Each structure stands twice: as C-alpha cells, then as structure tokens.
Amino acid sequence: MPDPLRICALYPDVMNIYADRGNLLLLERRCAWRGIGFTVTAAGLGDAVDPEAHDLFYLGGGQDRDQVLCARGLVDVKREALHAAAARGAVSLGVCGGYQLLGHSYALGDASIPGIGLVDLETVRADGPRLIGNVAIEVDLPGAGGARVLAGFENHGGRTRLGPDAEPLGRVLRGHGNDGRSGFEGVRSGTVIGTYLHGPLLPKNAWLADHLIELALASRYGGPVSLDPLDDSFESAAHLSAEKAARENR
C-alpha cells in the first residue's frame with residue numbers, strides 16, 4: 001500500500017470536545033505500526049472540500065455555539081462534496097455534535113439548525129436531564145467480524161430520532177443512546193457512521209478504528225482490504241475498562 005490513508009478533519013479547531021482529536025491520533029498510530037502512510041487535511045470555515053482527495057472524513061463534537069458556527073458553512077460549502085464522497089464509498093465518521101450534523105437538522109432553543117442530510121435523522125430537544133454517562137452498545141457491522149461491543153461516554157441534551165431510511169449503529173446495553181427511550185445508539189448507512197460515544201471513541205475501541213481504516217482504504221483501491229494484526233494488549237485493556245465502567249452504571 002504505497003499511498004497514504006488520507007483524512008479530512010472537518011473544523012478540527014472548534015469541533016474537538018472531550019479530546020475527540022484522539023480519534024485521529026489513534027488512526028495515525030495504527031497505520032504507522034503497519035507501515036501505512038497517513039495524511040490529515042484540515043477543512044475549516046469557508047474551506048471547500050474535494051470529494052476525491054480524501055478516504056475518510058471526520059467531524060468531532062463541539063459546544064452548541066461551535067455547532068452553529070460550523071453548520072451553515074457545512075451545508076453551504078461542503079454538503080455536495082460530502083455526499084459525493086459518501087456515494088463513492090469514502091468513510092464519514094461523525095461524533096456527538098458531528099453526528100447530529102450528519103442528519104437533516106437539530107433543534108437549538110427555538111431555532112432549527114440545518115444538517116447535511118447524509119443520513120435520515122433529526123435531533124430535537126425534550127424535557128428532562130442531559131443524557132450523561134458511560135455507555136456500551138452491541139454492534140454488528142458488515143465485514144467487522146460479527147457482533148462486537150463499543151464502549152464510551154455520552155453527554156448530550158438533544159434526542160436524536162432516526163427516520164425510516166436510517167439504521168442504528170447498535171443496541172444499547174448500558175446507558176441512554178440516541179434518545180434514552182428507543183434502545184438504539186448512533187446511525188450507520190453504507191460507509192457513514194454517527195455516534196454519541198466519545199471521550200474519545202477509537203482508543204477505547206481499536207477494532208472499530210481498524211474497520212474504518214479497512215473501509216477507507218477499500219474506497220481508494222476499489223476492493224476489500226485486510227490489515228495485518230497488531231499486539232492489542234493495551235488496547236484490549238482500555239476497551240475492557242470502558243466496557244466495565246458502562247456495565248457498572250446504575
């Protein structure tokens with residue numbers, strides 16, 4: 001694999017709550033350990049995006065004011081390119097606020113903030129407390145080796161509702177998930193994945209990082225890609241600790 005994995009980080013200067021930049025660092029390390037090159041291009045406010053120039057697009061979480069700052073530019077400047085990238089199989093990963101922006105809209109006070117509509121969902125506000133705590137979900141992603149557990153941390157006031165054309169990322173084992181009621185968490189559609197799990201997500205779930213790398217490289221090379229195995233002793237311990245914390249939630 002002489003060519004590097006090409007990442008486009010969307011608004012990395014403002015959409016980086018809960019150290020979610022750690023997701024990019026984990027992807028870089030797992031590529032480096034396998035001799036795979038790695039490049040990151042930042043696309044901030046006003047920056048256009050080339051849908052052919054990147055294999056994976058990443059949008060992290062931010063405060064409400066940061067989401068508002070990014071939302072209009074995301075729709076006006078980057079929406080068509082992100083749809084074109086997803087259509088050719090490039091990976092898109094949205095975390096927390098980034099997840100909400102993948103949908104049609106999210107509510108902030110009396111305003112409805114537009115999303116890019118990559119997936120069929122909307123996020124609304126509801127009476128009740130924020131959904132906060134450790135969370136574990138069961139997922140079964142095609143090509144990822146069967147049912148697995150994702151563990152992380154959630155902290156969101158919005159309630160995300162999936163539309164009829166959306167499929168949840170997983171089933172909640174512990175925690176709140178999309179809305180605290182449906183029993184589902186996140187969304188997936190082709191190579192687009194959104195989730196509320198952060199803190200950050202991938203260092204606690206290295207198997208998902210590898211799956212995303214395989215999908216992203218497959219979009220580049222036009223066929224399935226299998227990664228060499230790594231010694232994941234530390235990564236497995238981190239995952240088990242996060243999963244244990246979630247399962248011990250009361």
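Two strands count as paired if DSSP finds at least two bridges between them, and the strands themselves are DSSP runs (E, at least two residues), just as helices are runs of H or I with at least four residues, all numbered from the N terminus. Keep that in mind for the close-ups below.

This is a predicted model, in which local features need pLDDT of at least 70 and side-chain atom pairs count only at pLDDT 80 or more, while totals for chains, interfaces and linings use all residues. Residues are numbered from 1 along each chain as its sequence is written, and side-chain values use heavy atoms, with hydrogens and water left out.

**View 1. The whole chain, before zooming in.** The chain holds 5 helices and 14 strands. Its C-alpha trace spans about 50 × 45 × 30 Å along the principal axes. The radius of gyration is 17 Å, which agrees with the value near 18 Å for a compact globule of 250 residues; this radius is taken over C-alpha atoms, and the globule rule is 2.2 Å times the number of residues to the power 0.38. Of the 250 residues, 54% are buried, where buried means under 20% relative accessible area, exposed means over 50%, and partly exposed lies in between (1.4 Å probe, protein chains only).

**View 2. Strand 1 and its two partners.** Strands of a sheet pair through backbone hydrogen bonds, either parallel or antiparallel. Strand 1 (residues 5–10) runs parallel to strand 3, with 4 bridges joining them, and 6 bridges join strand 1 to strand 2 (residues 38–43), again in parallel. Look for Cys8: Phe57 stands opposite in strand 3, and Thr41 is the bridge partner in strand 2. Leu10 has Leu59 as its bridge partner in strand 3. Is strand 1 enclosed or open? With 6 of its 6 residues buried, strand 1 is largely enclosed by the rest of the structure. Leu5, Ile7 and Ala9 lie on one side, and Arg6, Cys8 and Leu10 on the other.

**View 3. Strand 3, covered on both faces.** Leu56 and Tyr58 on one side of strand 3 (residues 56–59), and Phe57 and Leu59 on the other, are all buried. Strand 3 also runs parallel to strand 4 (residues 91–95), through 4 bridges. In strand 4, Leu93 is the bridge partner of Tyr58.

**View 4. Two crossovers and an exposed residue.** Strand 1, helix 1 (residues 22–32) and strand 2 make a right-handed β-α-β unit, and so do strand 3, helix 2 (residues 64–87) and strand 4. Right-handed means that, with the strands pointing away from the viewer, the path from the first strand over the helix to the second runs clockwise. Helix 2 contains Asp76, which is exposed with a relative accessible area of 54%.

**View 5. An open antiparallel sheet with a helix on it.** Here 4 strands form an open sheet in the order 9-8-11-12, with antiparallel pairing. Strand 9 (148–156) and strand 12 (184–185) each have a single partner strand, so one side of each is left without a neighbour in the sheet. Between strand 8 (residues 131–139) and strand 9 there are 9 bridges, and Leu131 has His156 as its bridge partner in strand 9. Helix 5 (residues 233–247) packs on the sheet and touches strand 8, strand 9 and strand 11 (170–174), its direction making about 60° with that of strand 9. Contact means heavy atoms within 4.5 Å; axes are lines fitted to C-alpha atoms, for helices over the stretch in contact, and angles run from 0 to 180 degrees between N-to-C directions.
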